[in-house]
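Open the model in your viewer and switch to a cartoon view. We will go from stop to stop, selecting a few residues each time.

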Amino acid sequence: MASNKIDNEAVINEYDRLKELQEFENTKLGVKGLVDSGITRIPRMFHYAPETLFDIYQGDSRADQNCIPVIDMSGPHQDVVERIRDASAKYGFFQIVNHGVPVTLLDRLLTAMRGFHELPPEEKMRFYDRNWNTSGKGAGYFSNYDLFYSKAASWRDTFQCLLGPEPINPDFIPDVCRGEVMEWETEVKRLKDILMGLLSEGLGLLPDKLKGASYVGRASMTANYYPHCPEPTKTIGIASHTDPGILAILLQDKVGGLQVKYNDKWINLNPVHGALVVNIGDLLQIISNDVYKSGEHRVVANPSNEARVSIAVFINPGTADNLYGPLPELVSHENPALYKQFKFSDMMMRFFTTENQGKNITNHFRL
């Protein structure tokens, strides 16, 4: 028994995680490159602790059914305001239909981003750059933004680009998806203003209150690709987290895998063709003084032979050094401020340099 214990400890000590991470990074092929190589077991760097995965496929079948509301944006204005307010306060998530974005564009966008991720390796490698946002390129492809400081890597690859404040430079976007991304940029900026007006009204504020650059001046697009995982019970697509900014608008394909936490249970947010998913970010929870809640969510590792594609647009303040906290209009003697003042840059620094887990960002800034 003692000999076995010593042997096991030797194996653990011999494992060089940093070496494995760097070798993976150097391939510039991401998770899809591993799948294409024919692996049947995932590398150790992707293994999550069992306690974080024990409930990964144990959804509540009743909760799965029609829990997250699907809101028809063409309905009576006040009804739409109230449904969005209620969903934002209860779940931090909702889906919208009849939102004005052509469904044909959404379908083409999913196909185009799948096309990018499935380019021949020698073509896709040219775009590999996890430091794209500081290198002046305006776009980049990589696997796991937190690869070198998370406890375990996740089973996905990512393409990202900026959509604002400056108009996107088409030269930064790969040919295979350029036209669709440019069209999506126009549509999502229009939709963002509509949503922020409705969310403002839900707080009892004027529709224009949250539309300025200080709240929604910056936008970025993230197109995630989740290939088949040969051992989906050992890893995850995206670990449990909340988004740090104001708002996220998500398009997901038919494969599914997105889960939302509600009442300490994970529920599936099943895809609806033509719908867009909207979720509240941490900063909007804070400035609303907890009227709205940022939705904790995750994506399971994909057991399907068909890769999953999702495309999110993250809406953030245009000026990172402004001070933020609960809006004065929402604070009173009866409803005191629940959060301290802070710079948005401090929030983003915490998000990108600490391991995501649950609602650790809002808790960090809570009084």
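**Stop 1: a pair of strands.** This is a predicted model. Select β6 and residues 297-300, which are strand β11. The two strands run antiparallel, and 3 bridges join them. Now pick H241; opposite this residue, in β11, stands H297.

**Stop 2: the other partner of β11.** Keep β11 on screen and add strand β8, residues 258-262. Again the strands run antiparallel, with 3 bridges between them. Which residue of β11 is the bridge partner of V260? Find H297 once more: H297 is that partner.

**Stop 3: a hairpin.** Add β9, residues 265-268. β8 and β9 are joined by 4 bridges, in the antiparallel sense. On this side, V260 stands opposite I267. The hairpin of β8 and β9 has 2 residues between its strands. Click on N263 there; its phi is positive, near 55 degrees.

**Stop 4: the whole sheet.** Show the four strands together. They form an open sheet in the order β6-β11-β8-β9, with antiparallel pairing. Why do β6 (236-241) and β9 each have one side without a neighbour in the sheet? Both stand at the edges with a single partner strand, so nothing in the sheet lies on their other side. From one strand to the next, the twist averages 30 degrees. As a reminder of what holds such strands together, strands of a sheet pair through backbone hydrogen bonds.

**Stop 5: a second sheet.** Now select the 8 strands of another open sheet, ordered β1-β2-β10-β7-β12-β5-β4-β3. Its pairing is mixed. At the edges are β1 (70-72) and β3 (139-142), each pairing on one side only. Neighbouring strands here are turned by 25 degrees against each other on average, direction ignored.

Zoom in on β5 (residues 218-226) and β12 (residues 308-316). They pair in the antiparallel sense over 9 bridges. Label S220: its bridge partner in β12 is F314.

Next, select residues 77-90, helix α5. This helix packs on the sheet and touches β1, β2 (93-97) and β10 (276-280). The direction of α5 makes about 160 degrees with that of β1.

**Stop 6: a helix to check by ruler.** Select helix α6, residues 103-117. At 1.5 Å a residue, its 15 residues should span 21 Å. The end C-alpha atoms are 22 Å apart, which agrees. Finally, colour the buried residues of α6, among them L105, L106, L109, L110 and M113. R114 and H117 are also buried.

Methods
Residues numbered from 1 in each chain as written. Predicted model: local features only at pLDDT ≥ 70, side-chain atom pairs only at ≥ 80, totals over all residues. Heavy atoms only, no water. Pairing = 2+ DSSP bridges. Axes fitted to C-alpha atoms, helices over the stretch in contact; angles between N-to-C directions. Contact = heavy atoms within 4.5 Å. Expected span 1.5 Å × (residues − 1). Buried < 20%, exposed > 50% of the residue type's maximum accessible area, 1.4 Å probe, protein only.
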